[in-house]
Amino acid sequence: MHALVAFLQDIPVDLLIIQTVNGVVTGMILALVASGLTLIFGIMDVVNFAHGELFMLGAYVGVIVMVATGNFWLALIVSFLVIALLGAVIQIVTLRPLIGRDPLNTILVTFGISLILQNFALWYFGPIARRMPSPITGHFILFYLDYPWYRLLIAALSAAIIGGFWLFLKFSKYGVWIRATTQDRVMAQAMGIPVPLVFTGVFALGAGMAAMSGVLFAPLVGVDHTMGLDWVLKAFIVVVVGGMGSLGGSIVAAIFISLLESYAAIWVDPSQAVIVSFVVLILTLLFKPTGLFATPK
Amino acid sequence: MSEAPTSTQPLISVEGLHTYYGKSHILDGVTLHVGAGEVVGLLGRNGVGKSTTLKTIMGLVHASAGKVLLEGKDIAGVPSHKLAHRGIAYVPEDRRIFRLLTVMENLRVGLDRDGVSDARKNELLDKVFAFFPRLGERRHQAGGTLSGGEQQMLAISRAMMLEPKIILLDEPTEGLMPSMVTQIREIIDALHREGVAILLVEQNVPLTLASSQRIYIMEKGIVRHQCAASELDVNHAVIKQYLGV
Amino acid sequence: MKNLNHHTVVYWAAFCAVMAVLIVAPLVLPEFWRRFLTEILIWGLLAMSSDLLIGYTGMISFGHSAFFGLGMYGAAAALILFSPPNLWLAIGFGLVGAAGAALFVAYFSTRLRDIYFAITTLIFSQIFYVIIFTWTKVTGGENGLIFTRPHFSIPFLYDVRFTSTTLHWFVLAMVAGSYLILRRVTQSPFGMVLQSIRENEARTRAIGFPVQRYKIVAVMLSGIFAGLAGVLYGVQNEFAAPDFVYFITSGDTVIFNVMGGIGTLVGPIVGAGFFQLLRELMSRIFGDQFPYLIPLGFIFIAMIIFLPQGLLGFARRWLNR
């Protein structure tokens, strides 16, 4: 016990705070990615393997728009629209035919799509990573670090997008449609809600949100065709830990896991810190498989 | 709320309907019809296919053979959400209201249709809350927090929001207290006065006989008997034959 | 010979015919295609191992890259640590490694059903990937391990180097043997229970079978044969690399299964062959840089939607009798 306390006290407070901030920033992006994923699963039982690729393509679109116009907000909006459209097309062509069949087929199909999208990106954009300029430069001093303002902007924007999305779900007519369809798609149809259209809309929305996450994240790293792979894995973990279909749960889980990983990075190499999320998943599946943080939608 | 029929053709006509569930043959050639503004009762023991008949009319179950006609037009393959807009409303057994949506949101689902003015929407809401004051009191409560009887009221109100020509009503009194059963009777009568047709599936024989104009009795997936409701009473031999224990 | 019926005769005749072709093939094919064929057999073995889960037990697993990888690295360990490099030791190490991984994965993931099972196996295979990728001291990290191919040796009796032809025959023997064993398994009472789990898990449990235990054994069996494929791959190519442990390999395996036809055991081998052949064809026609996975991806998706039973699916009943 003593050793543990001594151990914890040895961690410099400033490092702790820095890692907390980092954890929250990554957590917010992860939350944005995961909310699209959990929404799609909750409403139509589709595990969208291609979500990471939508994130990646969103980042590419963002880079292109940013480089062409220098306008970050335009990049966000165009990326959202383009990828949402792509999502709608994917859903109509490949997922609609599978409605009514074993949901495991959707994993296979979305896996196939992820391969196609990834290789398309590699072929079309080439293997060299692209850089996306940061919309706001400048740092502030956080203890001994020059901490970029942009990172805080990411967190704020992600929170704003998620907040906006939540408001949409709660108060708009289509939000009610989505929530009704998620709860009982048969009765939703019987009440006149055009459920196939809602499915397409939700998939497109989820795709668009993944795209925006990609744009937000892009200035932090290089944009290349593999950037989606790690995110899709983390996003799945978040969705399962948060409770599949639970928006609130995913958000909490995203921040929770990101914080844990961030703290773990104090001691281990970041590429190994990812094991933390794996462990959390295993523990969740062992003890509370419906999700640690599941809340009703 | 529907106009007087322009022809003598029935509102809903079901002819020779067959459905399967896996290998089980559920509906074995069901034929019945409901005229505009009529209340028609569908009786029968558990498991004979009454609910399945309603679901097939609503497009929720696929028919492998036979026809369903709405005002003379074949509606096979028309998706349920379109049928809801064409005048068929469905109130399932166990109500199935949206538990996590509020009462108002449940109603809005049916209310927010194209071509309905805001004034009309308010009229409909007022009407429903006049019928069911308790719903009005609880309008911002989540559906799942309502009692069984209140949920039934909500389920019927939700259907009324669609301004339907016919309501498919599946065992509305199941699990309700006698006082609520009376209220259901009153609602059916009120709807009938407004010209809404009802296809009523029920286990409660007296209620059905009292509120319907005609009766069908089903057994093992097929209609065995049909007549005017006035020809039957609880002790009738036919009732005993098909419904007696 | 009393119980010889029509089906048995035709089946074994077909089997012998196919074997004969595969035995003769390396003698007439040029070097490139010889190796190509051997690799198809190895991938086919991997896909076949996963068919036990997908086709017979109804469990889609994305964890096979871990079992394959551990078979590969296990073999690498034996071949590097012991001198002279011994084939049987390599196989032993590889199988033990794969079995260990399978037990670990099985213990956790079999508690879950369907989609959750698939995701969990995927996560686990990634756990192994991260460990292998980052534990550079032991596994060579990103660069993997290089080793020399062992001789084919029977202690005190025989010791000869593998040529690409004799290696092909060895691989063929291993794969054919695995196929026969797996076939026996699927036709045994154990296999029947697995299929009953696939059809209706709840009912199987209600009848009284300890479903989870059956699932664990199924995963382990599947993992062992996947590990064997990994060993063979390592022996053929003389290296072990973490890329194979990345979940994409599991994904490829599932693709072979779906394309070839699940629940047939041979289907996945055909699927692997079909996939690799298409890929080779495309790179020959369109050039090396052509992203062959794009059209292959479309074909895969189209097959799921329109031809879910796969290439050999029509023969499924026949192959299982």
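**View 1. A cluster of aromatic rings in chain A.** In this predicted model, ring pairs join Tyr60(A), Phe120(A), Trp123(A), Tyr124(A) and Phe125(A) into a cluster. If you enjoy spotting rings, there are plenty to look for: over all chains, the structure holds 41 aromatic pairs.

**View 2. Trp43(C) meets Tyr233(C).** Here's one aromatic pair up close: Trp43(C) and Tyr233(C) sit 5.4 Å apart, centre to centre. Their planes make an angle of 50°, and the pair counts as tilted. Trp43(C) belongs to helix H2 (residues 31–57) of chain C and Tyr233(C) to helix H10 (residues 211–237) of chain C, so the pair ties together parts that are 190 residues apart in sequence. Are these two rings buried or exposed? Trp43(C) has 10% relative accessibility, so it counts as buried. Tyr233(C) counts as buried too, because its relative accessibility is 6%.

**View 3. Tyr129(C) and Tyr246(C), edge-to-face.** With 80° between the planes, this aromatic pair is edge-to-face, and the centres are 4.7 Å apart. Tyr129(C) comes from helix H5 (residues 114–134) of chain C. Its partner, Tyr246(C), sits in the loop between strand E4 (239–240) and helix H11 (247–260) of chain C. That makes a link between distant parts of the chain, 117 residues apart. Both Tyr129(C) and Tyr246(C) are buried.

**View 4. Arginines over tyrosine rings in chain C.** Now look for a charge hovering over a ring: the charged end of Arg111(C) sits over the ring of Tyr107(C), 4.8 Å from the ring centre. Arg183(C) lies over the face of Tyr11(C), and here the distance to the ring centre is 3.9 Å.

Methods
Residues numbered from 1 in each chain as written. Chains lettered and ligands numbered in written order. Predicted model: local features only at pLDDT ≥ 70, side-chain atom pairs only at ≥ 80, totals over all residues. Heavy atoms only, no water. Phe/Tyr/Trp six-rings, centres within 6.5 Å; stacked < 30°, edge-to-face > 60°. Helix = DSSP H or I, 4+ residues; strand = E, 2+ residues; numbered from the N terminus. Buried < 20%, exposed > 50% of the residue type's maximum accessible area, 1.4 Å probe, protein only. Lys NZ or Arg CZ within 6 Å of the ring centre and 35° of its normal.
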